[in-house]
Amino acid sequence: MSNSPLFLLRKLFFHFYLKEKVEGRQSSIFFFITNHQNFVVTFVKIVKKKAIIMIEKQICRKCILPDGFLGVQLNLDGVCDFCADPNHKNNNWSRTIIDEKRRENSLSDWNMVVADMKKNHEKVKYDCVLGYSGGKDSTALLDHLVNNLGLTPLAVTSDTGFMTDIAKENIKDTLQQIQVDHVLIENAASTFIKLYKYHFLNHFSNETLLARYICDYCSDLIHSIVVKEAMKYKIPYVLFGYSPDQIFRYFYKMPQEEVIHHWKPEIITREPFKESDRRWYLTEEEISSGKIPRILLPYHVIPYREEDIINLVESKNYIKKGHADPLLTNCNVVHAATFYDFNRYGGILYAYQYAELVRQETESRKKWLRTLKIAAPLILENKFKEKEVTQFLEKIGVSQEVLLEQIHTQLEQDANREQIELNKDMFRKKRRKSIQHVIS
Ligand SMILES: [Zn+2]
């Protein structure tokens, strides 16, 4: 209230009044000009400050999660549920805390695996399979396996049909310098397309982000394809370059029990899915053979710093400068799901991931807040990766209008609608100027 324009005008009036009384009429014109300028400057400052406070007030002061985003609440200190309680979880995120013992055990397991691979190195063609996406992490892991450990991995890439050109370029550049065999599997694209279409048109949850579903189902399929490739060559280890913050589902290893019982989704047994789609998942025979490789995530236990990874892949010219950004190499499905989620839930899955990184490294808050605030209004209006998202939707045969209509219908039935609209408004284009001011 004290910053309202009316209050300011009144203040200004009294200011002139007093000045005039004290210094007389001659100088009043001069005072009017200087004070008019002061007034404008002060007014602009206050409006900007209010915009900052309004935005900051709605975002957790320890991480970057907005208030009311899928049930996340800020307490009176402005701290969100995830920051206030280490055990807090919801469908989209749980803060997995790995105790020292488990970490140590996993690291010593990894050291034993490395020793085993080295011991058999001369006897086998490939020591392991590396799930290779062309992103910075799997590229750096490839370098580590070959150049630090002296191993021979078979790099396997499963193209979902939506790999970015940058990821493809990264793979080409890297393989020119690291000589390893590479298998690119492109035939599963039609199965991925069916899977995406199904989820985009059948997502009715009020609690779980579409990206959460898509990422899980999609990565289960990718993992299956890579594991099947390893089984073809009887390779005992499959490695993926998941970073230490990606521990929502797995820490260090993907248990066999999960592989056997949870990777193949129930929907795949029904229409529109056919036998030609099901063949990308592990068959009963493969499962009962008892020869499923161990699936490990080494970056969960060996040293990992994002800056070091980026420096490594850029300095060795595996990835061109600036092309290591996960936002560029992530497949476009995630961008489309993110567009859907922002409009449907007023927030995105990345926010959880970035928030977790901020909790691990407090000084990175500003950087991630900046990323979120720049990307958010663009994502909301499908201006971020617009071409790719539009192409994706075209390819799966779903229009943006149909999606927005579906979102609208579902929002009307969502008890959290008001909060969702509030959060969306916070990031909308009309606020972009003040948001950019906050972060600059
Ligand atoms: Zn928080």
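Which residues does Trp-263 touch, not counting residues up to four places away in sequence?

**Figure 1. Close-up of Trp-263 in its loop between H9 and H10.** Trp-263 touches Asp-220, His-223, Ser-224, Glu-258, Tyr-281 and Leu-282, where residues up to four places away in sequence are left out, and where two residues are in contact if their C-beta atoms, placed from the backbone, lie within 7 Å. This is a predicted model, in which local features need pLDDT of at least 70 and side-chain atom pairs count only at pLDDT 80 or more, while totals for chains, interfaces and linings use all residues. Residues are numbered from 1 along each chain as its sequence is written. Helices (H or I, at least four residues) and strands (E, at least two) are DSSP runs, numbered from the N terminus. With 19 other C-beta atoms within 10 Å, Trp-263 is partly exposed; a residue is called buried if 20 or more other C-beta atoms lie within 10 Å of its own, exposed if 12 or fewer, and partly exposed in between, with C-beta atoms placed from the backbone. Although Trp-263 and Ile-222 are 41 residues apart in sequence, their C-alpha atoms are 10.0 Å apart in space.

**Figure 2. The protein chain, as a setting for the other views, has 20 helices and five strands.** Of the 440 residues in the protein chain, 35% are buried. Among the contacts between residues at least 6 apart in sequence, 76% join residues at least 24 apart.

**Figure 3. Close-up of the packing of helix H8 (residues 210–232) with H14.** Two packed helices are described by the angle between their axes and the distance between the axes. Here the axes, which are lines fitted to C-alpha atoms, for helices over the stretch in contact, with angles running from 0 to 180 degrees between N-to-C directions, come within 8 Å and cross at roughly 155°. H8 and H14 are therefore roughly antiparallel to each other, given that angles under 35 degrees count as roughly parallel, over 145 as roughly antiparallel, 65 to 115 as roughly perpendicular and the rest as oblique. From H8, the residues Leu-210, Ala-211, Ile-214, Cys-215 and Cys-218 meet Val-333, Val-334, Ala-337, Thr-338, Tyr-340 and Asp-341 in H14. The residues of this contact divide into nine nonpolar, one polar and one charged, where Ala, Val, Leu, Ile, Met, Phe, Trp, Tyr, Cys and Pro count as nonpolar, Asp, Glu, Lys and Arg as charged, and the others, Gly among them, as polar.

**Figure 4. Close-up of the packing of H14 with H17.** The axes of H14 and H17 are 9 Å apart, and the helices pack at an angle of about 95°, which makes H14 roughly perpendicular to H17. Asn-332, Val-333, His-335, Ala-336 and Phe-339 in H14 meet Glu-388, Val-389, Phe-392 and Leu-393 in H17, and the residues of this contact divide into six nonpolar, two polar and one charged.

**Figure 5. Close-up of Phe-339 in helix H14 (residues 332–345).** Phe-339 counts as buried because it has 30 C-beta neighbours inside 10 Å. When residues up to four places away in sequence are not counted, Phe-339 touches Ile-379, Asn-382 and Val-389. Phe-339 and Ala-211 are 128 residues apart in sequence, yet 9.4 Å apart in space, C-alpha to C-alpha. Asn-382, one of the residues that Phe-339 touches, is found in the loop between helix H16 (365–380) and helix H17 (386–396).

**Figure 6. Close-up of backbone features at Asn-382, Lys-234 and Pro-272.** Most residues other than glycine have a negative phi, and most peptide bonds are trans. Asn-382 is not a glycine, but has a positive phi of about 50°, and Asn-382 counts as buried, with 21 C-beta neighbours inside 10 Å. Lys-234, likewise not a glycine, has a positive phi of about 55°; Lys-234 lies in the loop between H8 and strand E4 (237–240) and is exposed, with 11 other C-beta atoms within 10 Å. The peptide bond from Glu-271 to Pro-272 is cis, with omega near 5°, and Pro-272 has its place in the loop between helix H9 (256–261) and helix H10 (275–278).
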